[in-house]
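Student: I should like to understand the terms used for this structure. May we go through them one by one?

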Amino acid sequence: MTYAQIVGWGYAVPARTMTNFEIEKMVDTSDEWIRTRTGISERRIAGPKETTATLATRAAQNALQVADLSPSKVDLVIVATSTPDYPLPSVASIIQDSIGASRAGAFDINAACSGFIYALAVASGMIASGIYETILVIGADTLSRMIDWTDRSTCILFGDGAGALLLRKSDCPTGLRACVLGSDGSGVGSLYIPAGGSRAPLTVEHVQNRQHLIKMKGSEVYRFAIQAITQATQQAVQQAGLTVDDIDLFIPHQANIRIIQAAAKALKIPPEKVFSNVHRYGNTSTASIPIALCEAIEMGKVGVGANLALVGFGAGLAWGAAIVQWGVDATPVPVAWWKSVIRNIHSREAVVRSFALRTQRRLDALRRFNGVNGI
Ligand code: UT7
């Protein structure tokens, strides 16, 4: 039997921190309201030169470094995102190029805040079925670019970031043990961006009416979230042949501490087994679960054999729960100087390769133009 072992992990967040006190100056709210209703104190906001792809590239490079693997070994890059750099092409193609994964295929998945669980399920299935051996799974979003900074019910919630896992073929029974994916599309209007898609291509009027920005019925999503997390986790745990007591660490989507605590209470998971960093990052959408997992690893909370419950929910309405059995020793090892040099060479190689391919394309176009015009 073939399994998809998680052998690398990494995350990236923008350097710029925005506190609740800053938001107090933009809309009618208070630090106290935001903290007590959501648990959020601050979030990271992408700078002018940062995008979903730049954050995802850093997260991917960190995951490759942990795994000590060359990007040329990657077979496939999957990025879960709802804020791609362009409507077309995928962020995954940008990452494939930026990290120098010269052999890899690439595509995006959009399942909003649940996207990372969907991507993990697809990647694990592809490895288990023998199609691929090494897949980079990334969750990355810059929702700050889609937020209405005059809407106090949404602008307080979101932040930007990216998290990545590197999955490799293994004979050890490890990685994804069970997975539950679900959707209730009747809830589209609970959380969506009305304009900018094929239904309402963007016009000046849409922008003037702020229809290109996130609209959310917060209390509807709140009620859905608790039920979705609870049911999906119970189903996934059962599918894995475990009980909730067997879960060593519960890492739900980091949207609101009240949602996390209510779901943990309903599932009877004690607080010490619940991971949350929502106070520092807010809701980073599909990046929240991999970022939280990376931080849990950094804090020594993920040991070999640990059963992790990862649960996402959000726009769609969609949800996903994954039971993951951790398989590798995650104790950080100091990186040898020569490995840092090789890593540097790989990232420069990727830049040079990308430049050479673009130049080649321009030269080909020029040659064709000259041929057609008889020059
Ligand atoms: O990835 C999934 C994404 N979304 C979520 O997970 C969001 C889920 N929902 C939530 O987290 C919560 O519903 C919110 C944090 C968005 C709102 O908290 P709530 O306790 O559900 O508040 P509410 O929407 O019921 O509003 C209560 C009051 C309202 O005032 P009135 O009508 O009672 O006078 C709001 O206008 O709080 C008001 N309010 C605010 N007040 C101060 C809403 N936002 C704010 C704010 N500051 N930022």
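Tutor: The following exchange concerns a predicted model and takes its domains and one helix in turn.

Student: What makes this chain one of separate domains, and where do they lie?

Tutor: An automatic or database domain assignment supplies the bounds. The chain is divided into domain 1, residues 3-325, and domain 2, residues 334-375. Their centres, taken over C-alpha atoms, are separated by 32 Å.

Student: How do you know which residues of domain 1 and domain 2 are in contact?

Tutor: Two residues count as in contact if their C-beta atoms lie within 7 Å. Under that cut-off, 10 residues of domain 1 are in contact with 9 residues of domain 2. On the domain 1 side, the elements giving two or more residues are α3 (52-67) and α4 (91-99). The most comes from α4, with 3 residues.

Student: What classes of residue make up the side of domain 1 that touches domain 2?

Tutor: That side has 6 polar, 2 nonpolar and 2 charged residues. Glycine is counted among the polar ones.

Student: Why is α4 called mostly covered?

Tutor: A residue is buried if 20 or more other C-beta atoms lie within 10 Å of its own. In α4, 9 of its 9 residues are buried, among them V91, I95 and I99. The helix is therefore called mostly covered, because its residues meet that cut-off.

Student: What covers the buried residues of α4?

Tutor: The covering elements include α3, the strands β4 (76-80), β5 (105-109) and β6 (134-142), and α12 (337-372).

Student: What phi does G100 take, just after α4?

Tutor: G100 takes a positive phi of about 80 degrees.

Terms used
Residues numbered from 1 in each chain as written. Predicted model: local features only at pLDDT ≥ 70, side-chain atom pairs only at ≥ 80, totals over all residues. Helix = DSSP H or I, 4+ residues; strand = E, 2+ residues; numbered from the N terminus. Buried ≥ 20, exposed ≤ 12 C-beta atoms within 10 Å, placed from the backbone.
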